[in-house]
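Open your viewer, switch to a cartoon view and keep the selection box handy. This tour goes from stop to stop, saying what to select and what you will find there.

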Amino acid sequence: PIKTAGIDSPPDTMPKLRARLLANENPLGIAPSAKEALTKAADIGNRYAWTEFAELKGMIATDEGVKPNNIMMSPGSSDILMAAATHFAKGGGTILTSAMTYDDLLERAQKQGAKIVALPMTKEYKFDLAAIKAKLTPDVKLVYLVNPNNPTGTILPASELEAFCREVAPKVPVFLDEAYIDFYEPAERPKLGKLVAEGHNVILARTFSKIHGFAGLRLGYAIATPETLKMLKPYTNGEFAVSITTLMAGIASYQDKDWQNHCRAENAKARDYTAKALTGLGYEVIPSSANFMLFPIRMKTKSFSEQMFASGIGIQTRDFNGQPYCRVSIGTMDEMAMFIDGFKKVVG
Ligand code: PLP
């Protein structure tokens, strides 16, 4: 097992929940504009998507400072993660990352013969970039970073991340999982598309599952050099795995900056409220820049989780270095009030 304390698999059955705070979903749903586009696209559900891919890639390329051939669409970013895992695990070698982080790519790569080296995080629960640099031995095939990181919610400053990629990518490809990047304030967001445009071996994985609320609709993409995309492609399900309905909704949502700003602001408000309430109860919350937060608890994870679920509040837990943690996704203000109330009752 990889010691990164990653995501649990989804349960086969889910109790009826009052507050579903376990999968980092968007509690506000999809944008009304996306819903309208989705419904309209049902009329062309009999047609394969062709030009629609180019339309969305064109918009993304303009924003990211890359060319459309630097972008590959996918049904959620998981498909990109899995393809990279399979490609980079070929023939063995090491994938370098920090513990704790998102496990999907790492577990797949490990099953396919790669060795996973997960270095300790900094004491602020951030990726330790200096430690990673010091471990770049010749057998390292890939560096995997998640920013903002899941489950810690921590971010790396844009300038540090860019400097790291400039130094490391000429030696080893850097995979940057940016599933939660939209929760950064736009002005502070790392803009690493320019590294790809310059030809650096950096792979950015993005998803519509989070701020756009497309977790069920499934849409994501990779930004990388055309050569890297060509290597990954045979291990993906292909762009046709994205439905025309999802694609049309994605085009609408991508342009709906008001909805994205609204979701980001609501998330920040509910996150601040939750962090303050937990701090008030004497808990130390890891500062989060995403739509979830992690904090150490003083109960065994199994008992905590069972009692929270029994009270209708779905959360996740982690055991890491002997310390139990709760990871709670940020829901609406009402849901977070329910969470705090349920939490107080469970922890006594
Ligand atoms: N990467 C990270 C860090 C995640 O937390 C998730 C999902 O929660 C994913 C990737 C995959 O999401 P999706 O396949 O919905 O894009």
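Start with strand E7 and show its side chains: Val 202, Leu 204 and Arg 206 point one way, Ile 203, Ala 205 and Thr 207 point the other way, and all of them are buried. Buried here means that 20 or more other C-beta atoms lie within 10 Å of the residue's own, while 12 or fewer counts as exposed and anything in between as partly exposed, with C-beta atoms placed from the backbone. In a regular strand, side chains alternate between the two faces of the sheet. Because six of the six residues of E7 (residues 202-207) are buried, the strand is largely enclosed by the rest of the structure.

Two notes before moving on. You are looking at a predicted model, in which local features need pLDDT of at least 70 and side-chain atom pairs count only at pLDDT 80 or more, while totals for chains, interfaces and linings use all residues. Residues are numbered from 1 along each chain as its sequence is written. As for the element names, helices (H or I, at least four residues) and strands (E, at least two) are DSSP runs numbered from the N terminus.

**Next stop: the neighbours of E7**

Add strand E6 (residues 174-177) to the selection: four bridges join E6 to E7, and the two run parallel. Val 174 has Val 202 as its bridge partner in E7. Now add strand E8 (residues 220-223), which is joined to E7 by four bridges and runs antiparallel to it. Look for Thr 207, which stands opposite Gly 220 in E8.

**Zoom out to the whole sheet**

Which order do the seven strands of this open sheet follow? Select them as E2-E8-E7-E6-E5-E3-E4, and you will see mixed pairing; two strands pair if DSSP finds at least two bridges between them. Strand E2 (71-74) and strand E4 (115-119) stand at the edges with a single partner strand each, so one side of each has no neighbour in the sheet. On average, neighbouring strands here are turned by 20° against each other, direction ignored.

For a closer look at one edge, pick strand E3 (residues 94-98) along with E4: these pair in the parallel sense over five bridges. Thr 97 is opposite Ala 118 in E4.

**A loop residue to click on**

Leu 192 sits in the loop between E6 and helix H7 (193-197). Is Leu 192 buried or exposed? Leu 192 is buried, with 27 other C-beta atoms within 10 Å. Setting aside neighbours within four places in sequence, Leu 192 is in contact with Glu 162, Cys 165, Leu 176, Val 202 and Leu 204; contact means that the C-beta atoms, placed from the backbone, lie within 7 Å.

For contrast, click on Lys 233 in the loop between helix H8 (226-232) and H9. Lys 233 is partly exposed, with 14 other C-beta atoms within 10 Å. Try the distance tool from Lys 233 to Tyr 283: they are 50 residues apart in sequence and 45 Å apart in space, C-alpha to C-alpha.

**Two helix pairs**

Select helix H2 (residues 51-64) and helix H9 (residues 244-255), whose axes come within 10 Å and cross at roughly 25°. That makes H2 roughly parallel to H9, a label for angles under 35 degrees, with over 145 being roughly antiparallel, 65 to 115 roughly perpendicular and the rest oblique. The contact involves Glu 52, Phe 53, Glu 55, Leu 56 and Met 59 of H2, and Ile 244, Leu 247, Met 248, Gly 250, Ile 251 and Tyr 254 of H9.

Now switch to helix H3 (residues 78-89) and helix H4 (residues 104-111): their axes come within 8 Å and cross at roughly 30°. On the H4 side, the contact is made by Asp 104, Leu 105, Arg 108 and Ala 109, and the H3 residues include Leu 81, Met 82 and Phe 88.

**Last stop: a second sheet**

Select E9-E12-E11, the order of three strands in an open sheet with antiparallel pairing. Strand E9 (292-296) and strand E11 (316-320) are the edge strands, each pairing on one side only. Finish on E9 and strand E12 (residues 323-329), which pair in the antiparallel sense over five bridges, with Pro 296 opposite Tyr 325 in E12.

Key
Axes fitted to C-alpha atoms, helices over the stretch in contact; angles between N-to-C directions. Contact = placed C-beta atoms within 7 Å.
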